[in-house]
Amino acid sequence: MAVSPDGTRAYVTNTISNNMTVITADTVPPSVIATVHVGTRPQDVAIAPNGTRAYVANLLDGTVAVVDTATDTLLTAVRVGRLPQGVATSPDGARVYVTNFGDGTVSVIDTATDTVRSTVPLGNGTSPADVAVSRDGTRAYVADFSTDSVSVIDTTANPPAVTATVPVGEEPLGVALTPDGAHAYVTSSMDDSVSVIDTATRTVTHTIAGFAIPLGVAIGSRGVGATPTGLTLTAERRNGKGHGNEQGRGDGHGNGNGDGKESPGIEGDRGLTLKARLTVGGKPLEDGSILFSRETEVLCAGTTDSRGRATCAVRGRLDDDDCYTATFTGDMAHAAATATTCTDRRAAARRTDRKR
């Protein structure tokens, strides 16, 4: 199961019925709103950071299904390795990492083209079961069932490659990272334990016993009780003649939304600068992860500075009508939030003509 970034939807894979159920996660009681056929024997599911796509590993198809979460429809199926099982997305949404249990590899999918960009071999006799990606996107941690270890992949290398192997318990199946990336938790199914890895030293610092064949693991990031955040988004055109001031504002109670209004005087096609500001209790929030997107396209990711600000440069010619969204994914202490702003150059031009 995976939950959307705004906390409103839960996505559950149904292995026997070869589909995925979409459930409202923000209503009491929850209700089923859609069922999507995804492939044969679906296993793990991951949601894009901007919430627009769900990626499902189909064990017996050798594919990853790509589902449009706005329409709950299957868009395509990307062929990967043998017996794909675990799946995770990069923080910027540009890559999807898939463990291929049957051939000891990890497939790296380019989400812009929905094609396999590269394949990372883990070594002979390996059976990768699950994968987690660090917050900065530079490392992927893979639980290997056959070798009783976790492989660390440098995702910045060209091509990505394994740089370290950390021994854990017997037959590991699940792996998850803390939000700060300092620790990885790994379930060891056959010795009924969870190993805690210090990612800086790449060593096991604790072993937690008392489980009964532990399979999956997840890190909670405090939903109920998390401190609300505020997020605003402005868009300024770079035209050398001044700025357009499209503004969006959002709340941070786990599912903030915003809408945008625009000021006239935004002619030109030299691109756009998106400016997000994140606050908590009216004060700037530093080191917040902000994802900028346009419709289903991820534009860039950034971290807020001491003033709570993060920016994204959108280059090239812009459409007459575009909507942009900034998303704060939340952390262990602060709730997620979103803000959206839309542009309408034709409407702005008409307002300018009337003034003349």
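In the predicted model, four strands form an open sheet in the order β1-β2-β3-β4, and their pairing is antiparallel. The edges of this sheet are occupied by β1 (2-3) and β4 (32-37), each of which pairs on one side only. Within the sheet, strand β2, comprising residues 9-14, and strand β3, comprising residues 19-24, are paired in the antiparallel sense through six bridges. Thr13 takes part in this arrangement, its bridge partner in β3 being Met20.

Further along the chain, strand β30 spans residues 337-344 and contains Thr340. The relative accessible area of Thr340 is 19%, and because the cut-off for burial is under 20%, Thr340 is classed as buried. The side chain of Thr340 is joined to that of Thr325 by a polar contact of 3.0 Å, so that a buried residue of strand β30 is the one engaged in this side-chain pair.

The loop that runs between β29 (321-328) and β30 holds Asp331. Although placed in a loop, Asp331 is likewise buried, since its relative accessible area of 18% falls under the 20% limit. Asp331 is also brought into spatial relation with a residue remote in sequence, for Asp331 and Asp180 are separated by 151 residues along the chain, whereas their C-alpha to C-alpha distance is 8.8 Å.

How values were computed:
Residues numbered from 1 in each chain as written. Predicted model: local features only at pLDDT ≥ 70, side-chain atom pairs only at ≥ 80, totals over all residues. Heavy atoms only, no water. Helix = DSSP H or I, 4+ residues; strand = E, 2+ residues; numbered from the N terminus. Buried < 20%, exposed > 50% of the residue type's maximum accessible area, 1.4 Å probe, protein only. Polar contact = N/O pair within 3.5 Å; in protein donor to acceptor, adjacent residues only side chain to side chain. Pairing = 2+ DSSP bridges.
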